[in-house]
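Trainee: I'd like to learn how to read a model like this one. Can we go through it together?

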Amino acid sequence: MKELYYLLSFLLISMSTYYFITALNFVKRLIAVNILGSGVFLFFVATARNTPSENPDPVPHALVLTGIVVAVSATALAVSLLLHLSKQKEEE
């Protein structure tokens with residue numbers, strides 16, 4: 001089952017990286033970065049199950065929770081910068 005999670009995370013990472021490179025719109029690039037982060041989070045959660053004991057490793061889960069907070073903050077900052085950029089273009 002964990003191979004499915006690895007495959008899904010690889011697909012999310014590769015597709016979002018391709019879309020980030022090829023997209024011309026900044027909002028679409030921001031969405032691609034968020035999907036890329038979700039793929040990385042899924043990979044970390046799938047990796048947490050690779051311990052010999054029955055309990056999963058708590059470190060990847062802590063990293064994912066911290067990453068979610070950082071991703072939300074970075075997305076809010078990026079959206080505010082995109083709105084400011086849009087207002088500047090309207091004024092010109």
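Mentor: Sure. Start with what counts as an element: helices are DSSP runs of at least four residues, numbered from the N terminus. Keep in mind that this is a predicted model. With that in hand, you can place a residue such as Arg49, which is found in the loop between H2 and H3.

Trainee: How many helices and strands does the chain have?

Mentor: Three helices and zero strands. Read from the N terminus, the order is α-α-α.

Trainee: And how do I judge the overall shape?

Mentor: Set the radius of gyration against the value for a compact globule. For 92 residues that would be near 12 Å, but this chain has 17 Å. The C-alpha trace tells you more: along its principal axes it spans about 60 × 25 × 10 Å.

Trainee: What share of the residues counts as buried?

Mentor: Buried means under 20% relative accessible area. Here 15% of the 92 residues meet that. As for the accessible surface, it comes to about 7,000 Å², and 73% of that belongs to carbon and sulfur atoms.

Trainee: Now the helices. Over what distance should H2 span, and does the model agree? What do I compare?

Mentor: You compare the expected span with the distance between the end C-alpha atoms. H2 covers residues 26-47, and at 1.5 Å a residue its 22 residues should span 32 Å; the ends are 32 Å apart, so the two agree. Do likewise for H3: its 34 residues should span 50 Å, and its end C-alpha atoms are 50 Å apart, so that agrees too.

Trainee: Which residues of H2 are buried, and what covers them?

Mentor: The buried ones are Leu30, Ala32, Gly39, Phe41, Leu42 and Ala46. Their cover includes H1 (2-22) and H3 (58-91). On H3, the buried residues are Pro60, Val64, Gly67 and Thr75, and what covers them includes H2.

Trainee: Back to Arg49: is that residue buried or exposed?

Mentor: Apply the cut-off: exposed means over 50% relative accessible area. Arg49 has 54%, so it is exposed. Leaving aside residues up to four places away in sequence, Arg49 touches Glu54 and Pro56. Also look at Lys2: it lies 47 residues from Arg49 along the chain, yet their C-alpha atoms are separated by 8.1 Å.

Trainee: What about contacts across the whole chain?

Mentor: Sort them by sequence separation. Among contacts with a separation of 6 or more, 52% come from residues 24 or more positions apart.

Trainee: And how far apart are the mean positions of the positive and negative charges?

Mentor: There are 6 positive and 6 negative charges, and their mean positions are 5 Å apart.

How values were computed. Residues are numbered from 1 along each chain as its sequence is written. This is a predicted model: local features need pLDDT of at least 70, side-chain atom pairs count only at pLDDT 80 or more; totals for chains, interfaces and linings use all residues. Side-chain values use heavy atoms; hydrogens and water are left out. Helices (H or I, at least four residues) and strands (E, at least two) are DSSP runs, numbered from the N terminus. The radius of gyration is taken over C-alpha atoms; the globule rule is 2.2 Å times the number of residues to the power 0.38. Buried means under 20% relative accessible area, exposed over 50%, partly exposed in between (1.4 Å probe, protein chains only). Contact means heavy atoms within 4.5 Å. Accessible areas come from the Shrake-Rupley method with a 1.4 Å probe; for residues, only the protein chains shown count as cover. Lys and Arg count as positive and Asp and Glu as negative; His and the chain ends are not counted. The place of a charge is taken as NZ of Lys, CZ of Arg, CG of Asp or CD of Glu. The expected span of a helix is 1.5 Å times one less than its number of residues.
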